[in-house]
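Colleague: Could you take me through one part of this model slowly? I'd like a close look at a single helix and whatever surrounds it.

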There are 2 protein chains.
Amino acid sequence: MPEPVRILLFDVFGTVVDWRGSIARQAANAFGGTADDWFAFADAWRARYQPSMQEIRSGRRGFVQLDTLHRENLDAILADFGLAHLDEAQRRQANLFWHKLDGWDDSAAGLEALKSHGLVCAHSNGNIRLIADMARHAGLRWDAIIGAEVAGAYKPMPEAYRNACSIMGVEPHQAMMVAAHNDDLAAARACGLKTALVVRPTEHGPTQTKDLTAEQDWDYTAATFLELAKLMAVSR
Amino acid sequence: MPEPVRILLFDVFGTVVDWRGSIARQAANAFGGTADDWFAFADAWRARYQPSMQEIRSGRRGFVQLDTLHRENLDAILADFGLAHLDEAQRRQANLFWHKLDGWDDSAAGLEALKSHGLVCAHSNGNIRLIADMARHAGLRWDAIIGAEVAGAYKPMPEAYRNACSIMGVEPHQAMMVAAHNDDLAAARACGLKTALVVRPTEHGPTQTKDLTAEQDWDYTAATFLELAKLMAVSR
């Protein structure tokens with residue numbers, strides 16, 4: 001019988017929290033209008049997320065925290081959304097929107113349910129402070145936070161997964177990556193980790209076309225964390 | 001008015017958990033006898049803690065996790081306690097005693113009470129997995145764990161405190177070190193952090209002579225975490 005999973009590593013943005021809705025709601029609160037008016041702002045901000053990390057993954061730029069990348073990306077899009085007048089304090093405040101993202105309906109209870117299957121760890125490209133603030137806000141009780149500055153690399157670099165396993169004291173096959181993104185799981189599987197897809201069909205809004213189904217035969221595929229906990233209990 | 005403390009950094013061994021009693025109790029459970037028979041074993045194991053880290057602080061040895069040091073130190077003392085016969089699996093199991101230390105009576109409730117004063121972070125020389133396992137065992141709900149592999153340095157090196165503040169996104173004066181050890185607090189103060197002594201008069205047993213009183217005018221001195229929370233509430 002194979003050794004059981006001991007460590008559950010969770011992608012956070014999109015998988016555990018609704019970044020798009022949360023950013024839009026906070027922007028409406030801060031700048032006026034309704035959340036509907038700010039989805040494009042959230043999308044534009046997030047669109048710069050992967051390219052800005054790619055500078056670091058490629059080695060063209062030294063490691064900086066995601067807070068720093070978020071701020072640079074914010075500064076780059078403000079003018080497009082009529083916010084070029086924001087002063088330093090307002091920009092700092094807006095950058096903290098990412099620290100106060102709301103969980104999906106099942107997230108807080110789902111993480112609790114999954115604790116019987118192992119240590120529940122945030123394995124995000126977000127920095128520790130960002131994930132810790134978010135945990136307080138959204139009621140997420142992590143056993144450990146393995147931010148990018150802990151793993152020393154941004155996902156999907158293999159080092160990000162390997163270092164997370166090493167830090168948590170397990171072989172890759174004793175850890176499982178839980179994510180709403182097929183590419184994150186593919187990278188984890190390539191490093192020997194087990195994989196669980198939790199589908200989040202509205203992460204990118206009502207017209208989302210990506211990550212609606214499993215693109216590989218992941219160890220588990222579920223609609224919610226609670227369903228994943230049940231599937232794991234059955235197969236145990 | 002000075003900026004308030006936002007981040008509370010806790011020493012763990014001795015400050016939050018009773019390593020001596022917990023190691024002795026687990027040894028008695030595993031090897032026979034009563035806890036009284038194993039205090040000398042706990043003391044001998046712990047006596048090698050600082051010297052083994054000193055090899056790393058001095059640069060004579062590259063960074064390794066505390067789990068590794070604990071295991072080397074265990075191997076070194078087993079013969080003195082009639083345990084040279086332990087096989088690899090038994091030694092591995094014994095090394096995990098450090099992952100299952102019990103909190104002091106006020107620890108779990110005290111950390112909860114202190115959460116209204118900031119993010120409650122383990123700032124231990126212990127590695128993340130060790131602190132995460134201990135948190136599950138002892139019901140300690142950390143907002144974040146800043147193990148030695150996160151800070152990249154063992155306390156009391158200044159980098160350990162400075163890097164912890166940087167990771168948590170605060171200036172040193174916005175962070176407070178909470179410890180039962182005057183030397184830990186002195187090192188933290190030298191880096192600009194605020195300081196709180198919580199006296200643990202039986203960490204080293206009933207005849208303890210060290211760290212029974214404040215050796216400097218720390219920002220707070222308290223007998224328990226709950227008392228510290230009350231003192232902080234009054235001065236807020």
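Modeller: Sure, and one term comes up right away: a residue is buried if 20 or more other C-beta atoms, placed from the backbone, lie within 10 Å of its own, exposed if 12 or fewer, and partly exposed in between. This is a predicted model, where local features need pLDDT of at least 70, side-chain atom pairs count only at pLDDT 80 or more, and totals for chains, interfaces and linings use all residues. Residues are numbered from 1 along each chain as its sequence is written, while chains are lettered from A and ligands numbered from 1 in the order in which they are written.

Let's pick helix 4 of chain B, residues 66-77. (Helices are DSSP runs of H or I with at least four residues, strands are runs of E with at least two, and both are numbered from the N terminus.) Helix 4 of chain B has twelve residues and spans 17 Å from first C-alpha to last, close to the expected 16 Å; that expectation is 1.5 Å times one less than the number of residues.

Which residues of helix 4 of chain B are buried? They are L66(B), L69(B), H70(B) and L74(B). Looking down the axis of helix 4 of chain B, these buried residues fall within an arc of 135°, so they line one face of the helix. The arc is taken from the directions from the helix axis to the C-beta atoms. Here's the general idea: an α-helix has 3.6 residues a turn, so residues three or four places apart point the same way.

And what covers those buried residues of helix 4 of chain B? The cover includes helix 2 (39-47), helix 3 (49-57), helix 5 (88-95), helix 7 and helix 8 of chain B, going by contacts, meaning C-beta atoms placed from the backbone that lie within 7 Å.

Two of those covering helices also turn up elsewhere: helix 7 (128-138) and helix 8 (148-151) are among the elements giving two or more residues to the side of chain B that touches chain A. Helix 7 of chain B gives the most there, with five residues.

Note on methods:
Contact = placed C-beta atoms within 7 Å.
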